[in-house]
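Where does a protein leave space inside itself, and where does a ligand go? Keep both questions in mind as you turn the structure.

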Amino acid sequence: MTGKNDLMDIFLKDGKSLIIAYDQGLEHGPTSDFDNRNVDPAFIVEIASKGGFNGIALQKGVAEKYYDGKVPLIVKVNGKSALSKGEPNAKQNCSVEYAVSLGAKAIGYTIYLGSAFEADMFKEFGRIQEEAHERGLAAIAWVYPRGAAVQNDTSKEIVSYAARTALELGADAAKIKYTGDSQSFSWAVRSAGKVKVFMSGGPKASSDEAFLAQVRGAIDAGATGIAVGRNVWQHQEPVKMAEMLRKVVFENLQIASARPPS
Ligand code: FBP
């Protein structure tokens, strides 16, 4: 019998993976994240294939209108806006069936671990995960500890708890924030067991080197890869950034060797 983990194979190359995320239009709004280039979804869809990404994560509306079928699709089936305040909650906005019709090979779902509404998200993800597996799709959980109960969402303890939650709830992959160093992140990877761990990007880093150091640390910790947005598509040369990322993730190069000579 093949394991459910095989559902992630389409997103992997030699066991590693680079995923580009572009759901920030809903999560953050077209404000400081965007400029004249990257507000256009077509720009990101093109980077996904030109940059050699192994997956692209989109909300259903963007997938409907812009997805070109060149890179395996993850449809985010829940989300929330930055305008909603208080304890975070994100409800399903796209069925698994509809995600399949758009060409999805996985669904993405955000769980705000620690939120007053975590039980609702656990329940909804549980149903969606089962349906996704029945239809041959992987279930990727964005597990973001958040809400009044969470003091530090990048501490070793909290990020590891996020990783473990993904395993306990049946995710095939977990997208989690970086803890800041490789050693502590390795405990999160260990806690995730057979769940594939992807490092989330966060706001654009101060330099290429600073971002590559995070990626290097995550890979050294045993992560399968990264699932990032702004650090790629806000970059002046996104395809060049993707090339540097491929060198770290797939060729296992150190930062100095991954960067082009200046
Ligand atoms: P970035 O690499 O741009 O941080 O994107 C990763 C991501 O998980 C997106 O998929 C999502 O829109 C965003 O972060 C959510 O960010 P947050 O909830 O932390 O503001």
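The largest cavity has a volume of about 40 Å³. This is a predicted model, and the structure holds 1 cavity of 30 Å³ or more.

Which residues line the largest cavity? The lining consists of Ile 19, Ile 74, Ile 140, Trp 142, Ala 174, Lys 175, Phe 198 and Ala 227. Strand 5 (138–143) and strand 6 (173–176) each give two or more residues to that lining. Sort the lining by class, and you get 7 nonpolar residues, no polar residues and 1 charged residue. The charged one is Lys 175, because Lys counts as charged.

Now turn to the largest pocket. Its volume is about 340 Å³. A set of 22 residues lines the largest pocket. Closest to the centre of the pocket are Glu 27, His 28, Tyr 144, Lys 177 and Arg 230. Helix 1 (24–27) and strand 8 (225–228) each supply at least two lining residues. By class, the pocket lining has 7 nonpolar, 7 polar and 8 charged residues.

Where does the ligand sit? The ligand is in the largest pocket. Around the ligand there are 16 residues. The closest of them are Asp 23, His 28, Tyr 144, Lys 177 and Arg 230. The shell around the ligand holds 4 nonpolar, 6 polar and 6 charged residues.

Compare the two lists of closest residues. His 28, Tyr 144, Lys 177 and Arg 230 are named among the closest to the pocket centre, and these four are also named among the closest to the ligand.

Next, look at individual contacts. Each row gives a side chain and the distance from one of its N or O atoms, or polar atoms, to an oxygen atom of the ligand.

| Side chain | Distance to a ligand oxygen atom |
|---|---|
| Gln 24 | 2.9 Å |
| Tyr 144 | 2.3 Å |
| Arg 146 | 2.8 Å |

How much of the ligand's accessible area does the protein cover? On its own, the ligand has 470 Å² of accessible area, and the protein covers 91% of that.

Return to Tyr 144 in the structure. Its residue is among the closest to the pocket centre, and a polar atom of its side chain lies 2.3 Å from a ligand oxygen atom.

Key
Residues numbered from 1 in each chain as written. Predicted model: local features only at pLDDT ≥ 70, side-chain atom pairs only at ≥ 80, totals over all residues. Heavy atoms only, no water. Near = heavy atom within 4 Å. Polar contact = N/O pair within 3.5 Å; in protein donor to acceptor, adjacent residues only side chain to side chain. Areas by Shrake-Rupley, 256 points an atom, 1.4 Å probe, with all protein chains shown as cover. 1 Å grid on protein atoms, 1.4 Å probe; cavity = no way out; pocket = protein on both sides within 12 Å on 5 of 7 lines; lining within 4 Å. Sits in = over half its atoms within 2 Å of the grid points. Points joined across faces, edges and corners; volume = space filled by probe spheres on them. Helix = DSSP H or I, 4+ residues; strand = E, 2+ residues; numbered from the N terminus.
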